[in-house]
Amino acid sequence: MASSDQAYMARALQLAHKGSYSTHPNPRVGCVVVRDGQIVGEGWHVRAGEPHAEVHALRQAGELARGATAYVTLEPCSHHGRTPPCADALVAAGVARVVAAMQDPNPQVAGRGLARLAEAGIEVASGVLEAEARALNAGFIKRMEQGLPFVRVKLAMSLDGRTAMASGESQWITGPAARSAVQRLRARASVVLTGADTVLMDDARLTVRADELGLDPELTALAVSRPPLRVLVDGSLRVPATAPFFQAGAALVATAQADREAYPGHELLALPGADGHVDLRRLLEELAGRGVNEVLVEAGPRLAGAFARAGLVDEYQIFIAAKFLGSSARPLLDWPLTRMAEAQELSIVEMRAVGDDWRVIAIPRATA
């Protein structure tokens, strides 16, 4: 693998990241077309149903694509979906070589795109910056391989590991920069999921607020044009229909009951589990079946702890404020453990300052 292959693929990945807020349920994909050591075309997938990254890049390259090398962050598709196969577009453009970061996990593609190119006499290669490409589309990959979305749990706490006062008061633990980072997490998610406690205590709406995203105008417009589905987990339907959460737009309510008339204008999904609680795994399977790639859980210690106890968390994003809330304040997770051997070990992926606060990104050791 030449160093130039890595450099051009890095640029393709940079382009793919621009689709972080708008490609759902499709993967984020970027493409770079290179001829004689010069980039002659670039593109990224913007929205589902619109042209894929390869098509944008080939259009920009025009006749210069003939004999060129195309770098794409995901194997070109070979099937007819809402758009024609990208593999056919590359063949028609006359490219000489295609380098993919990784094979497409979608069973409808899964190697067929690269095979189609090879059959047409195009040199193909795969596996360039594959780890970075997989991280970019962790949700899409998990949905295709396991039938579950990627679950990211966002938590905000004080230095002494507390999330709210004993009364439930929790606004605001962290500062504006951290809240802006959370807005971007919401915008990139397919689903933002919360529990009854959070909605009742905080009057939470869990909407994406354009003025707090901190993105350039182009990405801000894309982010607000595709808001995530808001999901409320409320096993016993405690949240009244008049709550601000329901006034902020259509939502899905996952419950253990089956009162279809509880929330007019909103979808009710009965998924009874043990002890009157919602079956969280079944909920995730249902969401994956609807094309959901990433779920952001913004919930109190009980629901966040339930996801943790069930082994359903792929990543924690923990925002830490430089303050103490005291021993009577509420803990980070409701997860009673009695022995050190039961402790959940984490691998810290990233730790950095966010304004006056700190953000720790960690994944369960088993996941790592």
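These legends walk you through several close-ups of one predicted model.

A few ground rules come first. Local features need pLDDT of at least 70, side-chain atom pairs count only at pLDDT 80 or more, and totals for chains, interfaces and linings use all residues. Residues are numbered from 1 along each chain as its sequence is written, and side-chain values use heavy atoms, with hydrogens and water left out.

**View 1. Where domain 1 meets domain 2.** The domain assignment splits the protein into domain 1 (3–136) and domain 2 (147–364); such bounds come from an automatic or database assignment. Their C-alpha centres sit 34 Å apart. At the border, 12 residues of domain 1 are in contact with 15 residues of domain 2, where contact means heavy atoms within 4.5 Å. About 1,100 Å² is buried between the two domains, and carbon and sulfur atoms give 54% of that. (Buried area is the accessible area, taken with a 1.4 Å probe, that two parts lose on being put together, summed over both.) On the domain 1 side, Y21, H24 and R28 lose the most area, together 58% of what that side buries.

**View 2. Charged and polar links across the border.** Two charged side chains, K18 and E218, meet here in a salt bridge of 3.8 Å, N to O. The term stands for a side-chain nitrogen of Lys or Arg within 4 Å of a carboxyl oxygen of Asp or Glu. Across this interface the rule finds 2 salt bridges. There are also 5 residue pairs in polar contact between the domains, both residues at pLDDT 80 or more. A polar contact is a pair of N or O atoms within 3.5 Å; within protein, one must be able to donate a hydrogen and the other to accept it, and residues adjacent in sequence count only if both atoms are side-chain atoms.

**View 3. S190 and H24.** S190 lies in the loop between α7 (176–188) and β8 (191–195). Helices (H or I, at least four residues) and strands (E, at least two) are DSSP runs, numbered from the N terminus. Is S190 buried or exposed? With a relative accessible area of 5%, S190 is buried; the cut-offs are under 20% for buried, over 50% for exposed and in between for partly exposed (1.4 Å probe, protein chains only). The side chains of S190 and H24 are joined by a polar contact of 2.9 Å. Now look at the next link in the chain: H24 and P25 are joined by a cis peptide bond, with omega at about 0 degrees. P25 belongs to the loop between α1 (3–16) and β1.

**View 4. Two loop residues with an unusual phi.** Most residues other than glycine have a negative phi, and most peptide bonds are trans. L206 is not a glycine, but has a positive phi of about 60 degrees. You'll find L206 in the loop between α8 (196–202) and α9 (217–225), buried at a relative accessible area of 5%. D275 also has a positive phi, near 55 degrees, and its place is in the loop between β11 (267–270) and α11 (280–289). With a relative accessible area of 73%, D275 is exposed.

**View 5. Helix α2 and its cover.** In helix α2 (residues 53–61), the buried residues are A53, E54, V55, A57, L58 and A61. What covers them includes β1 (30–35), β2 (38–44), β3 (69–72) and α3 (86–93). Just after α2 comes G62, with a positive phi of about 60 degrees.

**View 6. Salt bridges between distant parts of the chain.** Side chains of opposite charge can pair when their charged atoms come close. How many salt bridges does the rule count? The count comes to 22. One of them joins R186 and E298, whose closest N and O atoms are 2.6 Å apart. R186 is in helix α7 and E298 in the loop between β12 (294–297) and α12 (301–309), 112 residues apart. R186 is buried at 8% relative accessibility, and E298 is buried at 6%. R302 and D197 also meet in a salt bridge, at 3.0 Å, N to O. R302 lies in helix α12 and D197 in helix α8, so this pair ties together parts that are 105 residues apart in sequence.
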